[in-house]
Amino acid sequence: MSAKIAECKVVQLSEVESGKPFRIVRISAGGEIRRRLLDIGFIKNENGRVIREALLKDPIEIEIKGSKVSLRRSEARLIDVEELD
Amino acid sequence: MNLPAHRVHRRFRRRHGLSGLPSGQKFYRIALAGNPNSGKTSVFNALTGQRQHIGNYPGVTVEKKSGIVQIDDKLVEFIDLPGTYSLSAYSLEEVVSRDFVLNEKPDVVVDVLDSSNLERHLYLLLQFQELGVPIVGALNMTDEVEAKGVKIDSEQLSSILGIPFVKTVGSTGAGIERLLEVALKVAEGQLSSQKRHLNYGKQVELAHEAIIDTLMLDESFKERYSLHWIAVKLLEKDQDAIRKIENEHRLSAIVLQAAKDWRERLEREFGEDCEVIIGEQRYAYIHGAIKETVKISRRRQVVDFTENIDRIVLNRFLGIPIFLGVMFVIYQITFKLGNPLSDGVSIVFTHLSLFLTRILPSGPLQELLTNGIINGVGGVLTFLPLVVLLFLGLSFLEDTGYLSRAAFVMDKFFHIFGLHGRSFIPFMISTGCAVPGIMSARVLANQKDRKVTILVSPLMMCGAKAPVVAMLVAAFFPDHATIIFWSIWLFGWLMAFVIALIFKQSLFRGAQTPFVMELPPYRLPTLKNVFIHMWGKSSEYIKKAGTVILAASIVVWFLLSYPKVPTRTNDVSVENIPAIEYSFGGQLGKMVEPVLRWAGFDWKIGISLIAGVAAKEVIISTLGILYGIEARLSTDQPHVDFMVKNEIGKDQNYSPLMAIALMVFIMIYIPCIATLAMVKKELGSWKWPLFQAGYTLLVAFIMAVGIYQIGSLLGLGG
């Protein structure tokens, strides 16, 4: 599995296309935003999926820990993920 | 504050007006906790029925619901804690929840969990357990999980976490009796619920123990708080816990230094923020517990009902039109159904007032009763149908889960102005009436967003400003009435956005608040829950806002009716003056005329604008009085409108340019007294309505003067 991970490049969550699954690598937010992300289930090595985006591509809907969560694109930019296929 | 039993009893009696508890009767307090969307409200409703008391937590505007129920020989008070995801110090709701548990020490905390999302819901439960209070877990909505073929071994979960779990279905009431039984057993000490905290792993535990050792140095501090909890919070760098140490621990410097050293050490070892390390350890622990207790017995392909709806409702292109459609329906229900009811209430009170005028001897007492009190009470009750219907709509939006979707589709646009997607709802409702509009600002979870929204919502053209603007448009722009009326309507929206942006850049500056928000699965609300929600809000409106609106409208009535025109006088000049012209308000209107002249207004308009603070539609009837129309005609509203329109249109002092300045002024200036009273009620202090009255008056005046002066310079004043 580690070989497979190595092939994936790390991108910001805001770059992941709708419908694509991802794994969280790092979260570079701080303060309240960091805490909110943590409380709602954004932690290292957690898998999730981008579901869709709103009209102006912002905010975006993410599936994580079995529930659906909405994030602004500016918040998604703070989360580094690797795309899974 | 750990109250001894007899003080609890006394306070309880005082609050609930009971003459006393029969001796030997036991009194327990059970707090209800849980994530948003855990079904906590329906569990609370199932436990308390309609015996609910809605208030605020002391000193803050966070709503507190409680209810008292007699169960056998016991009296039980249920307290509904705010729904939160965590117990950090970042939000008011979270601080309120944990302070309630720490200070008031309820006998049991019942934590309601959504069984289909155990991981995130247990994350909160463990944080409550850490506060050092007995916990009972309610595995709610088990019907949904079991339908999906998932089995939760609640006994196994109990033994792992050391606390009792009961399976419930809040909406049908299944399992509620058992939940209550278990909670009471725990309260009485017959059933144990461990207060131990989870294991955070070797390194964190080491730091944790070391901090507890320093905390133990103060004997009295040990009595007040769960040291486990304080130690974890210090590791998380929780600002509120640090404050507690600074203020209450005798050796605060030693404790804080130790906490800092350990934090730095852990952060070096893990290469992560301490708060994150602890959060991740919590999740890891929960993950282990779930692995052992949740079994998927048979995999059943279920249709993802929520995703199917969202595919349409959150579609990039359909999302906004669908949302506008939903708002249109709510708006229509509130106002198209509510306005005739409001008019009905208004008519009943007018007749009551007329009846009393006939049967009572005339004099100040009769006037106070009819014009002051009865009109005031009528004013409060005319809003009631709107409030009831609005909350019918809102509770439907909220309980189904659509409200978060509304925020999702509208957020981008509102965020440009520093607002939240949900701000659309109070804005929209305020175009009908700002009183329910301001109440609906509760859909905003963030206090800053809520304050800004409340401060600007009354800038919309409401149902009371509309006839005034329509009258002015008809008088001065008969050929372009429609386009000018709708331009003024849009102007209200524009002002709300611009001023919100200014506030966000100045008064409410600060770190951006996270938008991170759950889109919960769609659920059908039960009739019972919707009804309880509506009933609670409506009775709260009458009790809390009603009294303030009543008092304020009596004050305004007094200022517009006193002093009286002297009845017997030789001074011919006062003989035919309408009473309002002679009153305090009238005198003020005349006094400020020189200033109002800059905007092209005369004293008649001055007095009408002052009277308009009572309610905006009063501007028309006051102008009517000042033109001596009401003396000639019946008080039939359309007739007054029509007559005033004719009089104003003919008045040589007024020009279309002045009319524009006046309409702009009316749109912006001081919200009506009922709105201001509502703002006070919602934001908990007179500071906010006073600020709102001040800034709107200033902006209205500057804009009206600007329009009139620049227009005159350009030669549009003719």
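In chain B, residues 24 or more positions apart make up 72% of the contacts that have a separation of 6 or more. Please keep in mind that this is a predicted model. Chain B holds 33 helices and ten strands, and its C-alpha trace spans about 90 × 60 × 55 Å along the principal axes. Of its 718 residues, 54% count as buried.

Let me take you to one helix in chain B, α20, which covers residues 447-456. Is it enclosed or open? Eight of its ten residues are buried, so the helix is largely enclosed by the rest of the structure. If you want to click through them, the buried ones are Gln447(B), Asp449(B), Arg450(B), Val452(B), Thr453(B), Ile454(B), Leu455(B) and Val456(B). And what do these buried residues pack against? Their neighbours in chain B include α3 (92-104), α22 (481-505) and α33 (687-713), and the list also has α18 (424-430), α19 (434-440) and α32 (673-683). There is a nice detail at the start of α20(B): a side-chain oxygen of Asn446(B) comes to within 2.9 Å of the backbone nitrogen of Lys448(B).

Next, another spot in chain B, Ala611(B), which sits in helix α27, residues 603-611. Ala611(B) has a relative accessibility of 1%, so it counts as buried. Which residues does Ala611(B) touch, leaving aside those up to four places away in sequence? They are Leu560(B), Ile580(B), Val618(B) and Thr622(B). To give you a feel for distances, the C-alpha atoms of Ala611(B) and Thr168(B) are separated by 56 Å, with their positions 443 residues apart along the chain.

Now to the place where the two chains meet. How many residues does each chain bring to the contact? Chain B gives 43 residues and chain A gives 34. Together the two chains bury about 3600 Å², and 54% of that is on carbon and sulfur atoms. Three residues deserve a mention here: Arg316(B), Phe408(B) and Val516(B) supply 20% of the area that chain B buries against chain A, more than any other three residues.

There is plenty of polar chemistry too. Between chain B and chain A, 22 residue pairs are in polar contact. Which elements of chain B give two or more residues to the side that touches chain A? They are α4 (118-130), α13 (274-293), α14 (305-313), α17 (402-416) and β10 (517-519). Of these, α13(B) has the largest share, with six residues. Sorted by class, that side of chain B has 15 nonpolar, eleven polar and 17 charged residues.

The strand in that list is worth a look. Strand β5 of chain A, residues 67-71, pairs with β10(B) in the antiparallel sense over three bridges. One place to find this pairing is Lys68(A), whose bridge partner in β10(B) is Leu519(B).

That leaves the salt bridges. Over all chains the count comes to 55, and eleven salt bridges cross the interface of chain B and chain A. One salt bridge joins the side chains of Glu307(B) and Arg52(A), at 2.9 Å from N to O.

Within chain B, I picked three more. The first topic is a helix, α9, residues 219-224, where Lys222(B) and Glu219(B) lie three residues apart, about one turn of the helix. In general, an α-helix has 3.6 residues a turn, so residues three or four places apart point the same way. Lys222(B) and Glu219(B) form a salt bridge, with their closest N and O atoms 3.6 Å apart. Lys222(B) counts as partly exposed because its relative accessibility is 31%.

Then there is the pair of Glu236(B) and Lys233(B), whose side chains meet in a salt bridge at 2.8 Å, N to O. Buried or exposed? Both Glu236(B) and Lys233(B) are buried.

For the last pair, Glu581(B) and Lys590(B) form a salt bridge with the closest N and O atoms 2.6 Å apart. Glu581(B) is buried, at 11% relative accessible area, whereas Lys590(B) is partly exposed, at 35%.

Finally, some salt bridges share partners, and they join a set of residues into one network. From chain A the network takes Arg35(A), Arg36(A) and Asp39(A). From chain B it takes Glu94(B), Glu130(B), Lys233(B), Glu236(B), Glu275(B) and Arg282(B). Thanks, everyone, and do ask away!

Key: Residues are numbered from 1 along each chain as its sequence is written. Chains are lettered from A and ligands numbered from 1 in the order in which they are written. This is a predicted model: local features need pLDDT of at least 70, side-chain atom pairs count only at pLDDT 80 or more; totals for chains, interfaces and linings use all residues. Side-chain values use heavy atoms; hydrogens and water are left out. Contact means heavy atoms within 4.5 Å. Buried area is the accessible area (1.4 Å probe) that two parts lose on being put together, summed over both. A salt bridge is a side-chain nitrogen of Lys or Arg within 4 Å of a carboxyl oxygen of Asp or Glu. A polar contact is a pair of N or O atoms within 3.5 Å; within protein, one must be able to donate a hydrogen and the other to accept it, and residues adjacent in sequence count only if both atoms are side-chain atoms. Helices (H or I, at least four residues) and strands (E, at least two) are DSSP runs, numbered from the N terminus. Ala, Val, Leu, Ile, Met, Phe, Trp, Tyr, Cys and Pro count as nonpolar, Asp, Glu, Lys and Arg as charged, and the others, Gly among them, as polar. Two strands pair if DSSP finds at least two bridges between them. Buried means under 20% relative accessible area, exposed over 50%, partly exposed in between (1.4 Å probe, protein chains only).
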